[in-house]
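Here is a short report for a reader new to this structure. Have the sequence and the 3D view open while reading.

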Amino acid sequence: MVALAQDYKKSNSLTSGYAGALVTVFIWATWIIATRHSSGTHLGTIDLGLIRYGLPALVLAPVWLKTGLIPRDVPLALLAIMVCGAGAVFFQVTTFAIHSTPASAVGVLLGGSMPLTAALIGVLLFGERPDLTRWLGLAAIVAGLAILLVLALGNHEISWISFVFLPLGALLWAGYTHAFKRSGLTALQGGALIAVWSFIIHVGLALVFGTTIFEVPLPEIGLQFLSQGVLSGLAAMLAYGIAVRSLGGSQAAAFSALTPVLAAFGGSIFLDEPVGVWEIAAAVITGLGVALSTGILSHRINR
């Protein structure tokens, strides 16, 4: 009976992890499209940052007030990596690049790089040992991303800004993934601390460089409030935290490989970017890679 209860509990944990990861990538794809859309408005990266982190900081105030801005049991270095990797620095770096990069290419250079950098950090720094099926999954992800990247290079002019800042953002996020896993914080606590520190940083940036948020029409503010504040700033942060806790850093990050596929189709629907046979092929190959990278097949083989 005890063994059955433990298996049931583990099964529920894995289910919640997979659900959290899938919710996260859908929100990420929406964030890419909404942020890309914002390049045609008067909203700057600081304005978007205030929206992105202001709402979560307010909603989760009871959480960060209880833990304190610097929790005693969390090493300061881990907290700094988390805030930089999933907060203010990550947001400024990636948003700056997204404004000049097509949505499909953003998915490739940002979302596609996340599982690879997370796996590399796990292997080199923490001694993680992915089995053969997970390595095959990462290889399939690379193949799918390569197809999308070639298509993006052929159809759009992508500057060095995209190639430098988006992979840098992926590296920052991978660092956050592993730091959060080792912080001992819950998803709610981690999301709250990242939100409040990032909001404080953006308030400081607004005081120094100014803001145009009060000059933008309300409908546009409403769109960004939903996509940046509610979905990306609050829901995705909590969902990804649950995924990391349940699946582990590398496996949770592997789901981000779905982002380029979703961004490509979203770009086609909302931003008039073309999606053809090769984009569909990339989606199938990348999806297979994600399935293998999460270790689903490994669990069944071991049984």
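The second largest cavity is lined by W28, W31, I32, F90, L110, G111, M114 and T259. This is a predicted model. The cavity has a volume of about 60 Å³. A search of the whole structure finds 2 cavities of 30 Å³ or more.

Which helices supply at least two residues each to this lining? They are α1, residues 2-38, and α6, residues 103-111. Helix α1 gives the largest share, 3 residues. By type, the lining holds 6 nonpolar residues, 2 polar ones and no charged ones.

**From the cavity to the aromatic cluster**

Three names from the lining, W28, W31 and F90, turn up again in an aromatic cluster. That cluster is formed by W28, W31, F90, W173, Y176, F180 and Y240. The structure holds 11 aromatic pairs. Two of them are set out here.

| Pair | Centre to centre | Angle between planes | Class |
|---|---|---|---|
| F90 and W173 | 5.2 Å | 55° | tilted |
| W173 and Y240 | 5.2 Å | 55° | tilted |

Why are these pairs called tilted? Planes under 30 degrees apart count as stacked and those over 60 as edge-to-face, so the rest count as tilted.

Both pairs link separate helices. F90 lies in helix α5, residues 88-98, and W173 in helix α9, residues 160-181. The F90 and W173 pair therefore ties together parts that are 83 residues apart in sequence. W173 also pairs with Y240. Y240 belongs to helix α11, residues 218-247, so the pair of W173 and Y240 ties together parts that are 67 residues apart in sequence.

Are these three rings buried or exposed? F90 is buried, with a relative accessible area of 3%. W173 is buried too, with a relative accessible area of 3%. Y240 counts as buried at 1% relative accessibility.

**Charges over rings**

Two members of the cluster, W31 and F180, each have an arginine over the ring. The charged end of R52 sits over the ring of W31, 5.5 Å from its centre. For F180, the charged end is that of R245, and the distance to the ring centre is 4.7 Å.

**The second largest pocket**

Next comes an open space. The second largest pocket holds about 230 Å³ of space. Its lining is made up of F26, A29, T30, I33, A34, H37, L223, S227, L262, G266, F270 and L271. Three helices each supply at least two of these residues: α1, α11 and α13, the last spanning residues 259-271. Which of them gives the most to the lining? Helix α1 does, with 6 residues. The pocket lining divides into 8 nonpolar and 4 polar residues, with no charged ones.

Helix α1 thus links the two spaces: it gives the largest share of the cavity lining and the most to the pocket lining.

**The whole protein**

How many helices and strands are there? The protein has 15 helices and 0 strands. Its radius of gyration is 19 Å, close to the 19 Å that the globule rule gives for 303 residues, so the protein is as compact as a globular protein of that length. The C-alpha trace spans about 60 × 50 × 30 Å along its principal axes. Of the 303 residues, 53% are buried. F90, W173 and Y240 are among them.

Terms used:
Residues are numbered from 1 along each chain as its sequence is written. This is a predicted model: local features need pLDDT of at least 70, side-chain atom pairs count only at pLDDT 80 or more; totals for chains, interfaces and linings use all residues. Side-chain values use heavy atoms; hydrogens and water are left out. On a 1 Å grid over the protein atoms alone, a cavity is a set of points where a 1.4 Å probe fits but cannot get out, and a pocket is an open set with protein on both sides within 12 Å along at least five of seven lines; lining residues have an atom within 4 Å of a point. Grid points are joined across faces, edges and corners, and a volume is the space filled by probe spheres set on the points. Helices (H or I, at least four residues) and strands (E, at least two) are DSSP runs, numbered from the N terminus. Ala, Val, Leu, Ile, Met, Phe, Trp, Tyr, Cys and Pro count as nonpolar, Asp, Glu, Lys and Arg as charged, and the others, Gly among them, as polar. Rings of Phe, Tyr and Trp (its six-membered ring) pair if their centres lie within 6.5 Å; planes under 30 degrees apart count as stacked, over 60 as edge-to-face and the rest as tilted. Buried means under 20% relative accessible area, exposed over 50%, partly exposed in between (1.4 Å probe, protein chains only). A charge sits over a ring if NZ of Lys or CZ of Arg is within 6 Å of the ring centre and within 35 degrees of the ring normal. The radius of gyration is taken over C-alpha atoms; the globule rule is 2.2 Å times the number of residues to the power 0.38.
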